[in-house]
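Student: Please take me through this model element by element, and explain each term when it comes up.

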Amino acid sequence: MGSFGRAWKPKIERSRLRMPELPEVETIRRQVARCAVGLRLKRLRILHRGMVRPQKPLTIIRALEGQDLTATSRHGKVLVLHFGPWALLIHFRMSGTILAESAETELSPHVRMVFDFAARDGSLRRLVLSDVRTLGRIELCRADAVSESRLMKNVGRDALLDGVDGAALHAMLVGRERPIKPFLLDQRYVAGLGNIYAAEALHRARISPLRPCGDVSPRQAKSLWRAIVAILRRAIEREGTTISAFRTMNGRSGGFARMLRVYGREGKRCLRRKCRGRIVRIAQCGRSTFYCPRCQS
DNA sequence: ACAACCTCCTGGGGGC
DNA sequence: TGCCCCCAGGAGGTTG
């Protein structure tokens, strides 16, 4: 099935969903770290077993209850919670996030996992994994075997942490005929970009999403890389993009949404100075791509 | 190598 | 107003 109905138009502003990409996962990671690193996991509940694989929920609960949350890390879009000898990997996919909630509040129906940590004053500090669509994935592995996990094995170099630069990006592009946008979404090469930031970065670098990878010059690759890094860093500073219902753990919205220059702006004017083209929406590999045909080539 | 298509899943938009 | 269908999308799988 083609993915685009003729008459259907997304109401992005009101849509409930957004995909956590690198900046959103990083925002979640920092908040989890601030809130719970150093605390003992007193009780763990898994309310949706389908998101957990390959282990059984009980295996994870037995391994982690009583362990301290020693550290957090992130690779691409995968959040890693380190519990001593164990690592709990979380991929939020489309609609997942982690929220801090009072231990007295009733759990919302979208809560899939509940972490109750023992705070130093003896009270409970609760974090919940909320995921409306349950497409997220949770995996337990040994701390020294994270890279062999299912969630990590197809994840390439992190866009911000692994020293990728314009030259490295260009080296990955050489000889490929595939359009640049699907390439940027392919986590095996550069990990962390999703549909929103890939579109934004291409617009910023004035490169068409349709451009074959191999046609991107070294200079353009450098420019594209600069755009990617700038946008990701900016989005992290603003605690991610809310299109939508992305809320940080305090319930605040991410602040990047109003920075979006192409995503969700089909039919509107390009915001680049002196361009004023019309943003269009096309399908690539079954996903929507927004770009300005006038200033992106 | 890469795309097309299916699966997972749900809330909400649109058609009637 | 209400019902029902259809759709989005990240990633992994299968097929072409």
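**Strands, sheets and packed helices**

Student: Which residue takes a positive phi in the hairpin of β6 and β7?

Tutor: The hairpin of β6 and β7 has five residues between its strands; strands here are DSSP runs of E with at least two residues, while helices are runs of H or I with at least four, both numbered from the N terminus. The phi in question is near 95°, and the residue that takes it is G122.

Student: Over which residues does the pLDDT fall below 50, with 15 contacts in the model?

Tutor: This is a predicted model, in which local features need pLDDT of at least 70 and side-chain atom pairs count only at pLDDT 80 or more, whereas totals for chains, interfaces and linings use all residues. Residues are numbered from 1 along each chain as its sequence is written, and chains are lettered from A and ligands numbered from 1 in the order in which they are written. Chain A averages a pLDDT (the predictor's confidence in each residue, from 0 to 100) of 87, and 88% of its residues score at least 70. The stretch below 50 that has 15 contacts beyond near neighbours in sequence (a contact meaning C-beta atoms, placed from the backbone, within 7 Å) is residues 1–17.

Student: Which strands lie at the edges of the sheet that contains β6 and β7?

Tutor: That open sheet has four strands in the order β1-β6-β7-β5, and the pairing, which requires at least two DSSP bridges between two strands, is antiparallel. Each of the edge strands pairs on one side only, and they are β1 and β5 (96–101).

Student: How many bridges join β6 to β7?

Tutor: On its other side, β6 (residues 111–118) pairs with β1 (residues 40–46) over six bridges, R43 having D116 as its bridge partner. Between β6 and β7 (residues 124–131), M113 stands opposite L129. These two strands run antiparallel, and the number of bridges joining them is seven.

Student: Why is one side of β2 and of β8 left without a neighbour in the sheet?

Tutor: The open sheet in question has four strands in the order β2-β3-β4-β8, with antiparallel pairing. Because β2 (71–75) and β8 (137–142) stand at the edges, each has a single partner strand.

Student: Which residue is the bridge partner of L81 in β4?

Tutor: Strands β3 (residues 78–83) and β4 (residues 86–91) pair in the antiparallel sense over six bridges. Within β4, the partner of L81 is L88.

Student: At what angle do α1 and α6 pack?

Tutor: Two packed helices are described by the angle and the distance between their axes. Axes here are lines fitted to C-alpha atoms, for helices over the stretch in contact, with angles running from 0 to 180 degrees between N-to-C directions. The axes of α1 and α6 are 9 Å apart, and the angle is about 35°.

Student: What class of orientation do α3 and α6 have, parallel or oblique?

Tutor: The axes of α3 (residues 166–173) and α6 (residues 218–237) come within 8 Å and cross at roughly 120°. Angles under 35 degrees count as roughly parallel, over 145 as roughly antiparallel, 65 to 115 as roughly perpendicular, and the rest as oblique. The crossing angle therefore makes α3, relative to α6, oblique.

Student: Which residues of α6 make the contact with α3?

Tutor: From α3, the contact is made by G166, L169, H170 and L173. On the side of α6 the residues are P218, A221, K222, L224 and W225.

Technical notes. Two residues are in contact if their C-beta atoms, placed from the backbone, lie within 7 Å.
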